[in-house]
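The exercises that follow are meant to be worked through with the sequence and the model side by side. Try each task before reading its solution.

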Amino acid sequence: MLVQYLRLIRFSHTLFALPFALLAYCMALKLNSTDEIPFRVLDIVGILLCMLFARSAAMGFNRFADRNIDAENPRTANRHLPSGMLAAKNVLLFTAICSAGFIASTLLFLPNWIPLLASVPVLLFLFGYSYCKRWTVAAHFWLGTALMLAPLAAWVVVRPELFPVPVAPLVLGLGVLFWTAGFDLIYATQDADVDREQGLYSIPGRYGIAVAFRLSAMCHVVAVCFWGSLLFVYEPFGWIFGIGIGLTGIILAMEHYFVRPGRGRPVDLEKINIAFFHLNVLVSVGLAALGILELALPSG
């Protein structure tokens, strides 16, 4: 049964946002050479638990909210709820348990009260994504903003100041926002016709696949620019993180090359799935790993 719930929430997709949360945590620890904060194992445990529970709650709720829509889509009709593999009430209970786990996990950050106070608003925002595609084409960017919260929250765990807004995690998070929106636009092209038939507001469904691909490419260019600007706004980053930025640009260019529709050639759905998971995990894990490596090396 546990395996079914892990498949329900696409547990492996946690690798999209988690590396950026860990990177932001390390960035907050080492803001500059004269301002370093001691590492706390409890913080790492709390971040991991919060990421696990928050994403599980969001995905569980999304599957519950979209169960009827998924049932009408040939690509998603075999998912756990439309197929009857899991009962809707059980998925809702799973969502409630994960939500409670997320809120409880923020207690690990005490005496920093900000994560606890923000936990319910964050959950409501995450749940809101499941309904926004019913009324706005901004759903792709709503998802991006949801993932953007991960590095911002991890930074606040270490440095509980909200004003003025810290520039470094904001820039990192904006990169995550546009990166996520970009690959979600590509992923959504699979359902363009179904979205149009069901009256949903995805950009591929409303404006066509060609527009979605162009906008996706623009989003990824913006994401790389935001991440690249960290070299100027965050003192400890240098040539190692710079290499990561260059490799990220190459990987994202490969993603668009693999999935682009050609003249008279439809979108290759199999390649979209490969690009969606494998290449984007390579972006998040690779960029975060190089950033953390540079922060771990002795200064100077």
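**Exercise 1. Establish how far helix H7 is covered, and how its length compares with expectation.**

Solution. Begin with burial: helix H7 is mostly covered, since 14 of its 20 residues are buried, where buried means under 20% relative accessible area, exposed means over 50%, and partly exposed is in between (1.4 Å probe, protein chains only). The helices (H or I, at least four residues) and strands (E, at least two) used throughout are DSSP runs, numbered from the N terminus. Next take the length: H7 covers residues 139-158 and reaches 30 Å from its first C-alpha to its last, close to the 28 Å expected at 1.5 Å a residue, the expected span being 1.5 Å times one less than the number of residues.

Before going on, note that this is a predicted model, in which local features need pLDDT of at least 70 and side-chain atom pairs count only at pLDDT 80 or more, while totals for chains, interfaces and linings use all residues. Residues are numbered from 1 along each chain as its sequence is written, and side-chain values use heavy atoms, with hydrogens and water left out.

**Exercise 2. Describe the chain as a whole: how many helices and strands does the chain have, and what share of its residues is buried?**

Solution. The chain has 13 helices and two strands. Of its 300 residues, 49% are buried. For the contacts, where contact means heavy atoms within 4.5 Å, consider pairs of residues at least 6 apart in sequence: 76% of these contacts join residues at least 24 apart.

**Exercise 3. Work out how helices H11 and H12 are oriented to each other, and which residues make their contact.**

Solution. First, H11 (residues 209-233) and H12 (residues 239-259) pack at an angle of about 175 degrees, with their axes 9 Å apart; axes are lines fitted to C-alpha atoms, for helices over the stretch in contact, and angles run from 0 to 180 degrees between N-to-C directions. Second, the two helices are therefore roughly antiparallel, because angles over 145 degrees count as roughly antiparallel, those under 35 as roughly parallel, 65 to 115 as roughly perpendicular and the rest as oblique. Third, the contact is made by residues including Phe213, His220 and Trp227 of H11 and Phe241, Ile245 and Glu255 of H12. Finally, the residues of this contact divide into ten nonpolar, seven polar and one charged, counting Ala, Val, Leu, Ile, Met, Phe, Trp, Tyr, Cys and Pro as nonpolar, Asp, Glu, Lys and Arg as charged, and the others, Gly among them, as polar.

**Exercise 4. Follow Trp227 into the nonpolar core: is Trp227 buried or exposed, and what surrounds it?**

Solution. Trp227 lies in helix H11 and is buried, with a relative accessible area of 0%. Leaving aside neighbours within four places in sequence, its contacts include Phe20, Leu172, Trp179, Phe241, Ile245 and Leu287. The C-alpha atoms of Trp227 and Ile245 are separated by 6.9 Å, although the two are 18 residues apart along the chain. Trp227 is also among the residues with the most contacts inside the largest nonpolar core, which has 55 residues; such a core is a set of buried Ala, Val, Leu, Ile, Met, Phe, Trp, Tyr and Cys residues joined through side-chain atoms within 4.5 Å. Helix H2 (residues 18-29) gives the most to this core, with nine residues.

**Exercise 5. Compare three further positions: where do Ala17, Met254 and Asp195 lie?**

Solution. Ala17 lies in the loop between helix H1 (2-8) and H2, and at 11% relative accessibility it counts as buried. Its C-alpha atom is 7.3 Å from that of Ser284, 267 residues away along the chain. Met254 belongs to helix H12 and, at 35% relative accessibility, counts as partly exposed. Asp195 is part of helix H9 (residues 192-198) and counts as buried at 10% relative accessibility. Beyond four places in sequence, Asp195 is in contact with Ala188, Leu200, Ser202 and Gly205.
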